[in-house]
Amino acid sequence: MFDSSRVRKSALYLILAASMSVGVVAAHADVTILVNPGDQGEQSRASVLTSWRSAVEQGLRKQRVSDLAASPISPFDMTADLSAVRARVPDVVVGPSHLIGSAVRYGYTPVVMVDQPSRAVMVTMTSSDIGSFEQSVGKRLGLPEQDSLVTYLIRGEATAANTTLKRQFSSIYQTRFQDALLICLQLRRCDVVAVERVVFDRWVAAGNPVKVIMESHEAPGMSVAVKDDLKLNVDGLRSAIAEAMPGTVGAKPATVTRDNFTYVSTLGYFTPRALANAKVVDANTVASMLRGKQGRYIDTRNNAEFNEGHVPGATLIPYVEKSSKDPDFNAAVDEFNVARLGPDKGALLIFGCNGPECWKSHKASIAAIKAGYTNVAWFRGGVPEWRSAGLPIETGDPLVANP
């Protein structure tokens, strides 16, 4: 009989202490491995945990890692696991794509992934008159826990549509496992719910009258990443884990690169991809505008960031940000002196900061629009995109707009 309480108390992520052979890493070095099995259901999580543990152990042993010992340290907690990855605590990370996407951003290399992409879908009963995300305004939403891949994808898609889940729905019910959301629909406690596509397909196969009203873009399935400075033979580990996967994980491996995580890494708390009453521009467009002296570039970062590198000719007007990184942010707690933008309300103003995850230029653009400026361009990619385009960077003290 399946003992669910035992699984809750067991290691739903693991620290595997490995005694390493010379030639792979330094002798007797410890390699920490974090395994996060996702949240489809309690029994499936236990199965996923066991299978991935086996695949990784086999891969490590083929890389001459021996004496593996699993030590349970805490229950499953995606929030804690994301934090651990940002702090670069584990050496090897196994988990859903948003965990691996975060790892890739913080100095890990993706090694292998399953040939089973993930999608989040928004679902309602077939009898419902809700037929799209737009028609779900004011309805009751059911979600897995806040750091589930599903919630991450759905929240990101809402942000990209320049709204929020809080703004879109009258109430949000969250539960530990995705399968519990079917009951929420059946009991009519939820009008719509969000789950992984594979969960929805399982519901349909069981004869449940449900339909999809929105689907996210595709994200990678379960994947493995290793710390960039880990002294392992990454190619050898990739091959060894991939060889073990069909018999342990039950899925074929797929080739993986950093680019596979671009989409999932730009969701979550990243800025929207559009802004009402502003033109979203890319690096080459900004460069063309500035060459033609058509506009003024407003850098909304702080002095130190500006000094490290900025768009040539940029004017620094810092946006002092205290509000949340969310379309529903409270501008009243922030500081931005719109008077420094100048008296010409029709002049072209180009706002930028530190890329899609930086909200300062987004918020400053909104402040300018609300103050009556009618020709606002938002450079969402900011300085990182400018650098990537190979455009010149200036350093040194900023030119600050006159008060």
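# A quick tour of strands, helices and disulfides

K370 sits in helix 13, so that's where we'll start, and K370 counts as exposed because its relative accessible area is 70%, over the 50% cut-off. Keep in mind that this is a predicted model. From helix 13 we'll move to the strands around it, then to a five-strand sheet, a mostly covered helix, two disulfides and a few unusual backbone angles.

**Around helix 13 and strand 17**

- Helix 13 covers residues 360-370, and together with strand 16 and strand 17 it makes a right-handed β-α-β unit.
- K370 also has a distant partner in sequence: V338 is 32 residues away along the chain, yet the two C-alpha atoms are 9.8 Å apart in space.
- Strand 17 takes in residues 376-379, and its side chains go two ways: V376 and W378 point one way, while A377 and F379 point the other.
- That fits a general habit, since side chains in a regular strand alternate between the two faces of the sheet.
- Whichever way they point, V376, A377, W378 and F379 are all buried.
- Strand 16 (residues 349-352) runs parallel to strand 17, and 4 bridges join the two.
- Strand 13 (residues 279-280) also runs parallel to strand 17, this time with 2 bridges.
- W378 is a handy landmark here: F351 stands opposite W378, and W378 is also the bridge partner of V280.

**The five-strand sheet**

- Now for another part of the model: 5 strands form an open sheet in the order 8-7-9-6-10, with mixed pairing.
- Strand 8 (171-175) and strand 10 (210-215) are at the edges, and each has a single partner strand, so one side of each has no neighbour in the sheet.
- On average, neighbouring strands of this sheet are turned by 30° against each other, if you ignore direction.
- As a reminder, strands of a sheet pair through backbone hydrogen bonds, and they can do that in a parallel or an antiparallel way.
- Strand 6 (residues 120-125) and strand 9 (residues 192-196) go for the antiparallel option, joined by 4 bridges.
- If you want one pair to find on screen, try V123, whose bridge partner in strand 9 is V193.
- Helix 8 (residues 197-205) packs on this sheet and touches strand 6, strand 9 and strand 10.
- The direction of helix 8 makes about 110° with that of strand 9.

**A mostly covered helix**

- Helix 4 (residues 97-105) is mostly hidden, with 8 of its 9 residues buried.
- The buried ones are S97, H98, L99, I100, G101, S102, A103 and V104.
- After helix 4 comes G107, which has a positive phi, near 100°.

**The two disulfides**

- The structure holds 2 disulfides, and they follow the pattern 1-2, 3-4 when you count the bonded cysteines along the chain.
- One of them links C184 and C190, with the sulfur atoms 1.8 Å apart.
- The C184 and C190 link is right-handed, with 70° about the S-S bond, and both cysteines are buried.
- The other joins C353 to C358, with 2.4 Å from S to S.
- This C353 and C358 disulfide is left-handed because the torsion about its S-S bond is about -130°.
- Buried means under 20% relative accessible area, so C353 counts as buried at 1%, and C358 does too at 11%.

**Positive phi in the loops**

- Most residues other than glycine have a negative phi, which makes the next two residues good ones to look up.
- R188 isn't a glycine, but its phi is positive, near 60°.
- You'll find R188 in the loop between helix 7 (180-186) and strand 9, and R188 is exposed because its relative accessible area is 55%.
- N277 isn't a glycine either, and its phi is positive too, near 70°.
- N277 belongs to the loop between helix 10 (262-265) and strand 13, and N277 is exposed, with a relative accessible area of 64%.

Conventions:
Residues numbered from 1 in each chain as written. Predicted model: local features only at pLDDT ≥ 70, side-chain atom pairs only at ≥ 80, totals over all residues. Heavy atoms only, no water. Buried < 20%, exposed > 50% of the residue type's maximum accessible area, 1.4 Å probe, protein only. Pairing = 2+ DSSP bridges. Right-handed = clockwise from strand over helix to strand, strands pointing away. Axes fitted to C-alpha atoms, helices over the stretch in contact; angles between N-to-C directions. Contact = heavy atoms within 4.5 Å. Disulfide = S-S within 2.5 Å.
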